[in-house]
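Dear colleague,

I am handing over the structure we spoke about, and my notes on it follow below. Please read them with the coordinates open beside you.

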Amino acid sequence: MGAGHSHGHTGHSEPTAEAMAARRKANRILAAVLIPLTLLTLAAMAALWPSGSKEGLTLANPYAAAPGVTFDTGRIQRVVTESCTQASSAGESPGGDTTGQDGTAQGNTDGGSQCTFAFTEPDKGGNPVKVVINPDIAKSHGVKVGDNIRYLNLSHAQAAATGADAPAAQGSPSYIFVDFVRTMPIILLAILYAVVVVAVARWRGLRALIGLVGAYFVLGSFMLPGLVEGKPPLLLALVGSTVIMIGVLYFAHGFSARTSTALLGTIFGLGITALLAAWATDAANLAGVGSHDAATLTNISGSISISGIILCGLIISGLGVLNDVTITQSSAVWELYELAPNTSARKLFSSAMRIGRDHIASTVYTIAFAYAGAALPILIIVMLYNRPLGEALTSAELSEEVIRTLVGSIGLVLAIPVTTLIAVLVVKATGVRSAELPRPSDAGSHPGGQAAITADDVDDTGALAAAAAVAGRERAEADAPPATRRGRRAAPRE
């Protein structure tokens, strides 16, 4: 009996020592790969860091006002439709108007074309002013009572030009609609988003939100200014994206072998995406000539490369989905292993890839529909052209979206098996096998019973839960009557 007990204790201690040695070796290998890669990325980021100088760049601010002209805000009190040639009034609507639903007044139809005016109460105080609404806004979206709008105030400039007491010129409006004020809806949505994320994901969700702020800091202070200054777009996108992924993954998910595995898979997918994007941008001649924004950037500076911006955009656009599939796949491998620790590496890889294939299918749909939704106005215009489908998909209007979908999908699809393979190799080296957990019969052989395995020895929650379950069984047996303990121990021998 004593010999058997001693043998059981020896069989437990040796695998634990081997497992700890394998874990240290696997962690050293991960560190040997990721630490130099991180240092190299940070060094490249320092070398590519933009100067911040905007000398020679001349781009007029569309919201810059001339002397005497201001941008004001207010809330719409009443909406009327009347002749565009009527003199702009800051007071009541002309006689004969009838107020319709939502306070909209239909004016007299005599006098030529009709315009929409909104009587708006300024936020800074004063009498309501008569703001002319742009025809495209009036037709597509419209305005209604209670809307908060931003408008151009020309009254002071007109008064200075024609005399303080002179009326405004006939047909020349003094207040022109500029945009809606969307501050409050966006703030409410942002608060709701943060609350939902933190409520469901707890501290990890909060860390992810903070990491998102850091990611946008890298984008706004490093990548965008670098593109403006003409830095190499491929290198700029790779370095910036790698820094973002390193920061976001470790900050949100913590330092662990699981996170390091996901990071390696993400970097691999990022490299594949960058290579494909560089080839596709050149082979498909993506020049951005069909975009008004691209034409604007081309005219303000000769150092800005539109093809480089497109290349950088192809890489950045796939970051979020790529990160999603790699961290999910890495977690899937760990969870499968914890459920069946004695599973062979080949079977573990096959099981994880079955999950990965489902993820691939759903993610491909996600990318395709996300880009289709963003390009919906272009899709409608191309449809109305009544062009052949193949010609439409390869046109200047749609080719960039098509290539972005294909490049991003290829990168994430290839990242899944690579991430799975790395995760299987790491988890087999660092995971806790079921044979390593002390049996209830061995509790007396270890000082403190379950204290032989602590939270410091177990990296993953599943294995830690298994160890805690064993500790619970030990405590239950210790508290049970002697006859019950003898009966439970005798049962396995039968």
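**A nonpolar patch on the surface**

Met184, Ile187, Leu188, Ile191 and Val195 together make up a nonpolar patch on the surface, with a combined accessible area of about 480 Å². Please keep in mind throughout that this is a predicted model. Of the patch residues, Leu188 has its place in helix α4, which covers residues 183–228, and Leu188 counts as exposed because its relative accessibility is 52%, where exposed means over 50%.

**Strands and their pairing**

Strand β1 (residues 70–83) and strand β6 (residues 148–153) pair in the antiparallel sense over six bridges, and within that pairing Gly74 has Ile149 of β6 as its bridge partner. Strand β6 also pairs with strand β7 (residues 175–180), again in the antiparallel sense, over five bridges, with Tyr175 in β7 as the bridge partner of Asn153.

Strand β4 (residues 114–122) and strand β5 pair in the antiparallel sense over four bridges, and Phe117 stands opposite Val132 in β5. The hairpin that β4 and β5 form has six residues between the strands, and in this hairpin Gly125 takes a positive phi near 100 degrees.

In a regular strand the side chains alternate between the two faces of the sheet. In β5 (residues 129–132), Val129 and Val131 point one way while Lys130 and Val132 point the other way, and all are buried.

**Salt bridges**

Side chains of opposite charge can pair when their charged atoms come close. A search of the whole structure finds seven salt bridges, and three of them are described here.

Glu82 forms a salt bridge with Lys130, with the closest N and O atoms 2.2 Å apart. Glu82 lies in strand β1 and Lys130 in strand β5, so this pair ties together parts that are 48 residues apart in sequence. Both partners have little accessible area by the numbers: Glu82 is buried at a relative accessible area of 0%, and Lys130 is buried at 2%.

The side chains of Asp179 and Arg182 also meet in a salt bridge, at 2.9 Å from N to O; here Asp179 is buried, with a relative accessible area of 18%, whereas Arg182 counts as partly exposed at 42% relative accessibility.

Arg258 forms a salt bridge with Glu338, the closest N and O atoms being 3.8 Å apart. Since Arg258 lies in helix α6 and Glu338 in helix α9 (residues 319–339), the pair ties together parts that are 80 residues apart in sequence. Arg258 and Glu338 are both buried, and salt bridges that share partners join Arg258, Glu335 and Glu338 into one network.

**Helix α6 and an aromatic pair**

Helix α6 (residues 257–283) has 27 residues and reaches 39 Å from its first C-alpha to its last, close to the 39 Å expected at 1.5 Å a residue, and just after α6 Asn285 takes a positive phi of about 55 degrees. Leu264 is found in helix α6 and counts as buried at 17% relative accessibility; Leu264 and Leu30 are 234 residues apart in sequence, yet 9.0 Å apart in space from C-alpha to C-alpha.

Finally, a search of the whole structure finds four aromatic pairs. One of them is formed by Phe177 and Phe180, which meet edge-to-face at 5.2 Å centre to centre, with 70 degrees between the planes. Phe177 counts as buried at 4% relative accessibility, and Phe180 counts as buried at 13%.

With best wishes

Notes. Residues are numbered from 1 along each chain as its sequence is written. Side-chain values use heavy atoms; hydrogens and water are left out. Buried means under 20% relative accessible area, exposed over 50%, partly exposed in between (1.4 Å probe, protein chains only). Helices (H or I, at least four residues) and strands (E, at least two) are DSSP runs, numbered from the N terminus. Two strands pair if DSSP finds at least two bridges between them. Patches are made of residues with over 30% relative accessible area and no salt bridge: like charges are joined within 9 Å, nonpolar side chains (Val, Leu, Ile, Met, Phe, Trp, Tyr) within 5 Å. Accessible areas come from the Shrake-Rupley method with a 1.4 Å probe; for residues, only the protein chains shown count as cover. A salt bridge is a side-chain nitrogen of Lys or Arg within 4 Å of a carboxyl oxygen of Asp or Glu. The expected span of a helix is 1.5 Å times one less than its number of residues. Rings of Phe, Tyr and Trp (its six-membered ring) pair if their centres lie within 6.5 Å; planes under 30 degrees apart count as stacked, over 60 as edge-to-face and the rest as tilted.
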